[in-house]
Amino acid sequence: MTEKALRLGTRRSKLAMAQSGQVARKVTELTGRPVELVEITTFGDTSREHLAQIGGTGVFVTALRDALLAGEVDFAVHSLKDLPTAQPDELTLAAVPEREDPRDVLIARDGLTFTELRDGARIGTGSPRRMAQLNAYARNHGTSIEAVPIRGNIDTRIGYVRDGKLDAVVLAAAGLNRVGRIDEVTDFLSVDTVLPAPGQGALAIECAATHASLAAALAELDDPYTRAAVTAERSLLAALEAGCSAPVGALADLLADGQVVKEMRLRGVVGATDGSTLVQLSTTGPVPGTHDQAMALGRELAAEMLAKGAAGLMGERAL
(Lines give C-alpha, C1' and ligand atoms only; values in the text may rest on other atoms or scores of the structure.)
Protein backbone atom coordinates (compact mmCIF):
# COMPACT_ATOMS: atom_id res chain seq x y z
CA MET A 1 0.00 0.00 0.00
CA THR A 2 1.40 3.39 -0.96
CA GLU A 3 1.75 5.92 1.80
CA LYS A 4 -0.72 8.76 1.93
CA ALA A 5 0.45 11.92 0.17
CA LEU A 6 1.83 14.71 2.33
CA ARG A 7 -0.11 17.95 1.87
CA LEU A 8 2.05 21.03 1.33
CA GLY A 9 0.32 24.35 1.89
CA THR A 10 1.40 27.10 -0.51
CA ARG A 11 0.33 30.51 -1.72
CA ARG A 12 -1.11 30.55 -5.24
CA SER A 13 1.31 32.95 -6.91
CA LYS A 14 3.49 31.61 -9.72
CA LEU A 15 6.58 32.18 -7.55
CA ALA A 16 5.12 30.47 -4.47
CA MET A 17 4.02 27.50 -6.60
CA ALA A 18 7.49 27.25 -8.18
CA GLN A 19 9.36 27.29 -4.88
CA SER A 20 6.87 24.94 -3.20
CA GLY A 21 7.17 22.56 -6.16
CA GLN A 22 10.95 22.48 -5.73
CA VAL A 23 10.58 21.67 -2.02
CA ALA A 24 7.91 19.04 -2.76
CA ARG A 25 10.28 17.16 -5.09
CA LYS A 26 13.04 17.16 -2.46
CA VAL A 27 10.65 15.93 0.26
CA THR A 28 9.50 13.08 -1.99
CA GLU A 29 13.14 12.11 -2.64
CA LEU A 30 13.82 12.13 1.11
CA THR A 31 10.72 10.35 2.36
CA GLY A 32 9.56 8.33 -0.64
CA ARG A 33 6.11 9.82 -0.09
CA PRO A 34 4.18 11.75 -2.73
CA VAL A 35 3.55 15.42 -1.94
CA GLU A 36 0.48 17.30 -3.14
CA LEU A 37 0.33 21.10 -3.25
CA VAL A 38 -2.66 22.65 -1.50
CA GLU A 39 -3.22 26.20 -2.75
CA ILE A 40 -4.25 28.68 -0.09
CA THR A 41 -5.24 32.29 -0.71
CA THR A 42 -3.83 34.72 1.84
CA PHE A 43 -5.00 38.20 2.77
CA GLY A 44 -1.80 39.59 1.26
CA ASP A 45 -2.74 38.03 -2.09
CA THR A 46 -6.27 39.46 -2.21
CA SER A 47 -5.72 42.95 -0.79
CA ARG A 48 -4.59 45.67 -3.18
CA GLU A 49 -3.44 47.93 -0.36
CA HIS A 50 0.24 48.63 0.16
CA LEU A 51 1.79 46.12 2.54
CA ALA A 52 2.62 48.72 5.18
CA GLN A 53 -1.08 49.57 5.41
CA ILE A 54 -2.39 45.98 5.75
CA GLY A 55 -0.05 44.87 8.49
CA GLY A 56 3.35 44.21 6.94
CA THR A 57 5.07 40.85 6.96
CA GLY A 58 2.46 38.50 8.42
CA VAL A 59 -0.19 39.02 5.75
CA PHE A 60 1.13 36.25 3.45
CA VAL A 61 1.68 33.80 6.29
CA THR A 62 -1.38 33.79 8.55
CA ALA A 63 -3.69 31.75 6.28
CA LEU A 64 -1.00 29.11 5.73
CA ARG A 65 -0.36 28.86 9.46
CA ASP A 66 -4.09 28.62 10.17
CA ALA A 67 -4.32 25.71 7.71
CA LEU A 68 -1.39 23.99 9.46
CA LEU A 69 -2.93 24.40 12.89
CA ALA A 70 -6.31 23.15 11.63
CA GLY A 71 -4.65 20.03 10.18
CA GLU A 72 -5.70 20.93 6.62
CA VAL A 73 -2.08 20.70 5.45
CA ASP A 74 0.93 18.80 6.83
CA PHE A 75 3.58 21.42 6.18
CA ALA A 76 3.94 24.81 4.53
CA VAL A 77 6.60 26.65 2.54
CA HIS A 78 7.05 30.40 3.05
CA SER A 79 9.46 32.98 1.73
CA LEU A 80 11.40 33.50 4.94
CA LYS A 81 11.33 37.28 4.64
CA ASP A 82 7.50 37.10 4.93
CA LEU A 83 7.61 35.43 8.35
CA PRO A 84 7.00 37.61 11.42
CA THR A 85 10.02 37.46 13.74
CA ALA A 86 8.13 35.82 16.63
CA GLN A 87 7.76 32.05 16.13
CA PRO A 88 4.49 30.57 17.50
CA ASP A 89 4.99 27.67 19.96
CA GLU A 90 2.53 25.42 18.11
CA LEU A 91 4.63 25.47 14.93
CA THR A 92 8.16 24.27 14.22
CA LEU A 93 10.49 25.90 11.71
CA ALA A 94 11.60 22.43 10.57
CA ALA A 95 14.02 23.49 7.83
CA VAL A 96 15.68 26.49 6.26
CA PRO A 97 17.18 25.12 3.02
CA GLU A 98 20.29 26.55 1.39
CA ARG A 99 19.70 30.15 0.42
CA GLU A 100 19.30 31.46 -3.10
CA ASP A 101 21.02 34.70 -4.22
CA PRO A 102 19.93 37.25 -1.56
CA ARG A 103 20.52 40.35 -3.72
CA ASP A 104 18.02 42.82 -5.11
CA VAL A 105 18.11 43.35 -8.86
CA LEU A 106 17.01 45.98 -11.34
CA ILE A 107 15.01 45.39 -14.51
CA ALA A 108 15.26 48.62 -16.46
CA ARG A 109 14.22 49.83 -19.90
CA ASP A 110 16.75 49.55 -22.72
CA GLY A 111 18.98 47.23 -20.68
CA LEU A 112 20.18 50.06 -18.43
CA THR A 113 22.05 49.64 -15.15
CA PHE A 114 21.15 51.68 -12.07
CA THR A 115 23.94 54.23 -12.65
CA GLU A 116 22.90 54.64 -16.31
CA LEU A 117 19.32 55.68 -15.46
CA ARG A 118 18.38 59.30 -16.16
CA ASP A 119 18.22 61.83 -13.33
CA GLY A 120 14.74 61.61 -11.76
CA ALA A 121 14.15 58.09 -13.13
CA ARG A 122 10.89 56.49 -12.01
CA ILE A 123 11.71 53.25 -10.19
CA GLY A 124 8.94 50.95 -8.99
CA THR A 125 9.14 49.21 -5.62
CA GLY A 126 6.66 48.52 -2.83
CA SER A 127 9.45 48.35 -0.28
CA PRO A 128 10.42 51.33 1.93
CA ARG A 129 13.70 49.46 2.62
CA ARG A 130 14.63 49.56 -1.07
CA MET A 131 13.41 53.17 -1.42
CA ALA A 132 15.54 54.36 1.50
CA GLN A 133 18.74 52.79 0.17
CA LEU A 134 18.23 53.67 -3.51
CA ASN A 135 17.40 57.28 -2.58
CA ALA A 136 20.50 57.44 -0.37
CA TYR A 137 22.70 56.02 -3.16
CA ALA A 138 21.31 58.50 -5.69
CA ARG A 139 21.86 61.42 -3.25
CA ASN A 140 25.46 60.34 -2.66
CA HIS A 141 26.07 60.29 -6.41
CA GLY A 142 24.49 63.68 -7.11
CA THR A 143 21.37 62.37 -8.86
CA SER A 144 17.81 61.66 -7.81
CA ILE A 145 15.18 59.01 -8.40
CA GLU A 146 11.43 58.94 -7.99
CA ALA A 147 10.43 55.81 -6.09
CA VAL A 148 6.96 54.73 -7.22
CA PRO A 149 5.08 52.36 -4.88
CA ILE A 150 3.89 49.25 -6.75
CA ARG A 151 2.41 45.87 -5.84
CA GLY A 152 1.67 42.77 -7.82
CA ASN A 153 3.37 39.63 -9.04
CA ILE A 154 6.57 39.46 -11.09
CA ASP A 155 4.70 39.72 -14.44
CA THR A 156 2.78 42.80 -13.30
CA ARG A 157 5.90 44.56 -12.04
CA ILE A 158 8.03 43.87 -15.11
CA GLY A 159 5.03 44.92 -17.23
CA TYR A 160 5.30 48.48 -15.88
CA VAL A 161 8.76 48.75 -17.48
CA ARG A 162 7.82 46.96 -20.70
CA ASP A 163 4.87 49.29 -21.35
CA GLY A 164 6.85 52.44 -20.49
CA LYS A 165 5.08 53.46 -17.27
CA LEU A 166 8.31 53.13 -15.26
CA ASP A 167 12.02 53.37 -16.07
CA ALA A 168 12.84 50.38 -13.87
CA VAL A 169 11.59 48.07 -11.13
CA VAL A 170 13.49 46.46 -8.26
CA LEU A 171 12.87 42.79 -7.47
CA ALA A 172 14.58 40.00 -5.51
CA ALA A 173 17.05 37.90 -7.52
CA ALA A 174 15.89 34.73 -5.75
CA GLY A 175 12.32 34.98 -7.03
CA LEU A 176 13.43 35.58 -10.61
CA ASN A 177 15.82 32.62 -10.37
CA ARG A 178 13.05 30.37 -9.08
CA VAL A 179 10.67 31.22 -11.92
CA GLY A 180 13.42 31.08 -14.57
CA ARG A 181 13.46 34.79 -15.49
CA ILE A 182 16.86 35.89 -14.19
CA ASP A 183 18.01 36.64 -17.76
CA GLU A 184 15.70 39.71 -17.79
CA VAL A 185 17.78 41.42 -15.08
CA THR A 186 19.68 44.48 -16.31
CA ASP A 187 21.66 45.11 -13.09
CA PHE A 188 22.47 43.12 -9.95
CA LEU A 189 22.50 45.60 -7.07
CA SER A 190 25.56 45.09 -4.90
CA VAL A 191 24.78 44.46 -1.23
CA ASP A 192 27.11 47.41 -0.58
CA THR A 193 24.48 49.57 -2.32
CA VAL A 194 21.26 47.88 -1.18
CA LEU A 195 21.18 45.45 1.74
CA PRO A 196 18.39 42.91 1.22
CA ALA A 197 15.46 42.26 3.53
CA PRO A 198 16.31 40.00 6.50
CA GLY A 199 15.93 36.42 5.28
CA GLN A 200 15.69 37.40 1.58
CA GLY A 201 16.40 34.50 -0.77
CA ALA A 202 15.75 31.87 1.92
CA LEU A 203 12.73 29.61 2.34
CA ALA A 204 11.10 28.47 5.59
CA ILE A 205 9.53 25.02 5.87
CA GLU A 206 7.12 24.87 8.77
CA CYS A 207 5.02 22.09 10.33
CA ALA A 208 2.98 21.54 13.48
CA ALA A 209 5.16 21.13 16.59
CA THR A 210 3.25 17.92 17.42
CA HIS A 211 4.28 16.30 14.12
CA ALA A 212 7.74 15.20 15.33
CA SER A 213 8.41 12.50 12.72
CA LEU A 214 7.63 14.88 9.85
CA ALA A 215 9.74 17.63 11.43
CA ALA A 216 12.65 15.18 11.68
CA ALA A 217 12.30 14.21 8.01
CA LEU A 218 12.05 17.83 6.86
CA ALA A 219 15.11 18.73 8.97
CA GLU A 220 17.20 16.85 6.38
CA LEU A 221 16.64 19.85 4.08
CA ASP A 222 18.06 22.30 6.63
CA ASP A 223 21.26 24.19 5.80
CA PRO A 224 22.93 25.10 9.12
CA TYR A 225 24.85 28.08 7.68
CA THR A 226 21.74 29.57 6.09
CA ARG A 227 19.79 29.03 9.30
CA ALA A 228 22.50 30.75 11.39
CA ALA A 229 22.63 33.68 8.95
CA VAL A 230 18.88 34.28 8.77
CA THR A 231 18.50 33.80 12.53
CA ALA A 232 21.03 36.60 13.10
CA GLU A 233 19.32 38.82 10.50
CA ARG A 234 15.85 38.26 11.98
CA SER A 235 17.13 38.83 15.51
CA LEU A 236 18.51 42.20 14.34
CA LEU A 237 15.12 42.98 12.73
CA ALA A 238 13.16 42.04 15.85
CA ALA A 239 15.34 44.22 18.09
CA LEU A 240 15.15 47.17 15.69
CA GLU A 241 11.37 46.81 15.23
CA ALA A 242 11.05 47.12 18.99
CA GLY A 243 13.04 50.34 18.95
CA CYS A 244 12.23 52.11 15.67
CA SER A 245 9.79 51.79 12.79
CA ALA A 246 12.08 52.66 9.89
CA PRO A 247 12.71 50.05 7.17
CA VAL A 248 15.48 47.53 7.91
CA GLY A 249 17.94 45.77 5.61
CA ALA A 250 20.25 43.01 6.88
CA LEU A 251 22.59 40.37 5.54
CA ALA A 252 24.78 37.84 7.32
CA ASP A 253 27.41 36.23 5.16
CA LEU A 254 30.14 33.73 5.80
CA LEU A 255 33.78 34.68 5.50
CA ALA A 256 35.88 31.75 4.32
CA ASP A 257 39.62 31.19 4.38
CA GLY A 258 40.02 28.90 1.39
CA GLN A 259 37.48 26.12 1.94
CA VAL A 260 37.22 26.69 5.69
CA VAL A 261 34.42 28.94 6.94
CA LYS A 262 35.95 31.07 9.68
CA GLU A 263 33.58 33.86 10.57
CA MET A 264 30.19 35.41 10.00
CA ARG A 265 29.74 39.08 9.15
CA LEU A 266 26.36 40.66 9.90
CA ARG A 267 25.50 43.97 8.25
CA GLY A 268 22.45 46.06 9.04
CA VAL A 269 20.95 49.26 7.68
CA VAL A 270 18.01 51.36 8.72
CA GLY A 271 17.08 54.60 7.02
CA ALA A 272 14.55 57.29 6.29
CA THR A 273 12.66 56.40 3.10
CA ASP A 274 13.80 59.60 1.35
CA GLY A 275 17.40 58.48 1.81
CA SER A 276 18.34 61.56 3.84
CA THR A 277 19.67 59.48 6.74
CA LEU A 278 21.03 55.94 6.87
CA VAL A 279 22.45 54.16 9.89
CA GLN A 280 24.60 51.32 8.57
CA LEU A 281 26.84 49.13 10.74
CA SER A 282 28.42 45.69 10.63
CA THR A 283 29.93 43.22 13.06
CA THR A 284 32.07 40.13 12.50
CA GLY A 285 32.47 37.17 14.80
CA PRO A 286 32.77 33.40 14.97
CA VAL A 287 30.09 31.50 13.04
CA PRO A 288 27.25 31.02 15.57
CA GLY A 289 27.09 27.39 16.67
CA THR A 290 23.70 27.65 18.36
CA HIS A 291 20.39 29.44 17.88
CA ASP A 292 21.11 31.58 20.95
CA GLN A 293 24.52 32.69 19.63
CA ALA A 294 22.95 33.72 16.30
CA MET A 295 20.22 35.63 18.16
CA ALA A 296 22.82 37.40 20.30
CA LEU A 297 24.78 38.51 17.21
CA GLY A 298 21.68 40.22 15.83
CA ARG A 299 20.68 41.82 19.12
CA GLU A 300 24.17 43.23 19.71
CA LEU A 301 24.34 44.89 16.29
CA ALA A 302 20.79 46.26 16.72
CA ALA A 303 21.76 47.82 20.05
CA GLU A 304 24.73 49.56 18.39
CA MET A 305 22.51 50.82 15.56
CA LEU A 306 19.90 52.17 17.98
CA ALA A 307 22.68 53.91 19.92
CA LYS A 308 23.94 55.44 16.64
CA GLY A 309 20.59 57.09 15.95
CA ALA A 310 18.39 54.40 14.40
CA ALA A 311 15.81 55.00 17.15
CA GLY A 312 15.28 58.53 15.85
CA LEU A 313 14.39 57.35 12.35
CA MET A 314 10.66 57.09 12.16
CA GLY A 315 9.32 55.78 8.89
CA GLU A 316 6.91 53.20 7.59
CA ARG A 317 7.25 49.73 9.06
CA ALA A 318 9.75 47.52 7.29
CA LEU A 319 8.28 45.26 4.62
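Here's a quick tour of one aromatic pair and one sheet. Keep in mind that this is a predicted model. Searching the whole structure turns up one aromatic pair, and there's also an open sheet of five strands to look at.

**The aromatic pair**

- Two numbers matter here: a pair of aromatic rings is described by the distance of the centres and the angle of the planes.
- The partners are Phe-114 and Tyr-137, with ring centres 5.5 Å apart and planes at 50 degrees, so the pair is tilted.
- Phe-114 sits in the loop between β5 (104–108) and β6 (121–124), while Tyr-137 belongs to helix α5 (residues 128–140), so the pair ties together parts that are 23 residues apart in sequence.
- Phe-114 counts as buried because its relative accessibility is 9%.
- Tyr-137, at 22% relative accessibility, counts as partly exposed.

**The sheet**

- Read across the sheet, the strands run in the order β2-β1-β3-β10-β4, and the pairing is mixed.
- The edges belong to β2 (35–39) and β4 (91–95); each has a single partner strand, so one side of each is left without a neighbour in the sheet.
- On average, neighbouring strands of this sheet are turned by 35 degrees against each other, direction ignored.
- Strands of a sheet pair through backbone hydrogen bonds, either parallel or antiparallel.
- For β3 (residues 75–79) and β10 (residues 203–208), the pairing is antiparallel, over five bridges.
- Look for Ala-76: standing opposite is Glu-206 in β10.

**A helix on the sheet**

- Helix α4 (residues 62–69) packs on the sheet and touches β1 (6–10), β3, β4 and β10.
- The direction of α4 makes about 165 degrees with that of β3.

Conventions:
Residues numbered from 1 in each chain as written. Predicted model: local features only at pLDDT ≥ 70, side-chain atom pairs only at ≥ 80, totals over all residues. Heavy atoms only, no water. Phe/Tyr/Trp six-rings, centres within 6.5 Å; stacked < 30°, edge-to-face > 60°. Helix = DSSP H or I, 4+ residues; strand = E, 2+ residues; numbered from the N terminus. Buried < 20%, exposed > 50% of the residue type's maximum accessible area, 1.4 Å probe, protein only. Pairing = 2+ DSSP bridges. Axes fitted to C-alpha atoms, helices over the stretch in contact; angles between N-to-C directions. Contact = heavy atoms within 4.5 Å.
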